[in-house]
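Biologist: I am new to this structure and would be grateful for a close look at a single part of it. Please begin with the aromatic side chains, and then proceed to the contacts between charged groups and to the strands.

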Amino acid sequence: MAAKKAGTRARSTTPRKPRRKKAEPRSRGLSAAEVASEAATPPTELIQGIQQDGGEVLAVYRDPLGAHTVVFAALPIDKVEPTPYQRDLSEPHVKRLVGAMERLDRFLDPVIAIRKDGRYWTPNGNHRLHASKMLGAKAMVALVLPEEDVAYQILALNTEKAHNLKERSLEVIRMHRGLTGSRAGKESDFAHLFEEPAFITLGAAYEKRPRYSAGAYHPFVKRVERFLDLPLEEALREREARADRLLELDDEVTRIVTALKERGLQNPYLKNFVVARINFLRFKKDDSPSEFGPSVARMLSSARKFNLDKVNKDDISRMGGGGGAEPDEE
């Protein structure tokens with residue numbers, strides 16, 4: 001009980017974001033008439049590009065919140081493609097969309113797109129795009145945005161609603177790769193897009209090992225990771241090196257788990273249990289930062305000295321499923 005109270009006190013010292021004030025009704029943005037007014041400056045170059053690409057501009061308007069210009073257009077479907085850094089396609093989801101669209105005989109949800117080298121990248125419409133192609137569609141409607149950077153910002157919103165840790169981490173590392181080489185700046189400059197530094201390193205680990213059990217390591221990695229004050233290219237190399245260290249640790253943990261299973265200990269949270277046992281940070285009562293390299297090295301040392309004889313079924317049962325972490329994804 002005392003330990004639990006101490007942990008509660010430690011967590012309470014973490015700075016919290018100020019609560020956003022509730023907006024007054026009808027206090028921001030444009031009226032319906034202003035959205036549709038001719039005050040929007042037509043992005044002439046973008047409109048001409050859409051027409052040259054075989055598309056048709058249906059309308060130009062200002063979005064009701066920030067008054068940004070939006071081009072509503074019909075695009076040739078073979079020129080629309082997903083951004084290369086978003087989550088993997090879910091075949092079951094595509095099949096459900098195909099069935100629904102076929103029953104309604106309608107496509108009612110425009111995708112968001114940006115024009116890039118005569119192609120149209122959609123950061124939020126991959127499943128709708130594939131469903132439309134499976135149905136044999138010739139065109140699809142899209143909200144085409146003049147600002148290319150918005151694609152990364154839209155992807156950040158998608159990251160927040162990703163289905164699981166793997167999808168979220170892979171989206172973030174792919175976004176990092178997309179920015180590297182095409183944008184100047186440090187990794188820390190893009191913190192608002194990446195959301196959490198642990199996602200970058202775990203994403204790099206997933207790229208190297210698709211069946212990596214990141215759920216067991218995420219609480220630890222989250223405490224030792226920070227956004228790097230390095231140029232994007234250097235930061236990416238560092239992330240890949242850190243991923244290698246995590247996979248080295250995972251190899252040791254997997255060795256322990258295999259040995260425990262051979263002794264008759266079977267539990268879906270067995271890997272979470274082992275990681276928790278060697279995670280020295282669980283005894284740390286404050287939120288002071290810990291360095292990634294030394295922390296992983298200490299975890300590795302503990303894993304190599306892990307005493308199998310000191311583990312029994314009651315130990316695992318008392319953990320209550322690895323402290324709430326996701327079970328082993330393998």
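Modeller: Tyrosine 217 is buried, since its relative accessible area is 0%, where buried means under 20%. The model in which this is seen is a predicted one. A search of the whole structure returns two aromatic pairs. In one of them, tyrosine 206 and tyrosine 212 meet edge-to-face, with 5.8 Å from centre to centre and 80 degrees between the planes. In the other, tyrosine 212 and tyrosine 217 are stacked, at 5.5 Å centre to centre and with 5 degrees between the planes. Tyr206, Tyr212 and Tyr217 thus make up one aromatic cluster. Tyrosine 212 has a relative accessibility of 0% and therefore counts as buried. Tyrosine 206, with a relative accessible area of 2%, is buried as well.

From the rings one may turn to the charged side chains. Arginine 209 lies in the loop between α9 (197–208) and α10 (214–224), whereas aspartate 251 belongs to helix α11 (residues 232–262); 42 residues separate the two. Their side chains meet in a salt bridge, 3.1 Å from N to O. Arginine 209 is partly exposed, because its relative accessible area is 24%, and aspartate 251 is partly exposed at 43% relative accessibility.

Helix α11 also holds aspartate 250, which is linked to lysine 271 in helix α12 (residues 270–278), 21 residues apart along the chain. The closest N and O atoms of this salt bridge are 3.0 Å apart. Lysine 271 counts as buried because its relative accessibility is 1%; aspartate 250 counts as buried, also at 1%.

A network of salt bridges joins Glu187, Glu225, Glu238, Arg239 and Arg242. In total, the count comes to 21 salt bridges. Side chains of opposite charge can pair when their charged atoms come close.

A further salt bridge leads to the strands. Arginine 115 pairs with aspartate 53, and the closest N and O atoms are 2.7 Å apart. Arginine 115 is in strand β4 and aspartate 53 is in the loop between α3 (44–52) and β1 (56–62), so that this pair links distant parts of the chain, 62 residues apart. Aspartate 53 is buried, because its relative accessible area is 10%, while arginine 115, at 30%, is partly exposed.

Arginine 115 also has a place in the strand pairing, where this residue stands opposite tyrosine 120 in β5. Strand β4 (residues 111–116) and β5 run antiparallel and are joined by three bridges. The hairpin of β4 and β5 has two residues between the strands, and aspartate 117 takes a positive phi near 55 degrees there. Strand β5 (residues 119–122) pairs with strand β3 (residues 80–82) too, in the parallel sense and over three bridges. Within that pairing, tryptophan 121 in β5 is the bridge partner of glutamate 81.

Tryptophan 121 brings the account back to rings. The charged end of lysine 116 sits over the ring of tryptophan 121, 5.3 Å from its centre. A similar arrangement involves phenylalanine 280: the charged end of arginine 298 sits over that ring, 4.1 Å from its centre.

Key
Residues are numbered from 1 along each chain as its sequence is written. This is a predicted model: local features need pLDDT of at least 70, side-chain atom pairs count only at pLDDT 80 or more; totals for chains, interfaces and linings use all residues. Side-chain values use heavy atoms; hydrogens and water are left out. Two strands pair if DSSP finds at least two bridges between them. Helices (H or I, at least four residues) and strands (E, at least two) are DSSP runs, numbered from the N terminus. Rings of Phe, Tyr and Trp (its six-membered ring) pair if their centres lie within 6.5 Å; planes under 30 degrees apart count as stacked, over 60 as edge-to-face and the rest as tilted. Buried means under 20% relative accessible area, exposed over 50%, partly exposed in between (1.4 Å probe, protein chains only). A charge sits over a ring if NZ of Lys or CZ of Arg is within 6 Å of the ring centre and within 35 degrees of the ring normal. A salt bridge is a side-chain nitrogen of Lys or Arg within 4 Å of a carboxyl oxygen of Asp or Glu.
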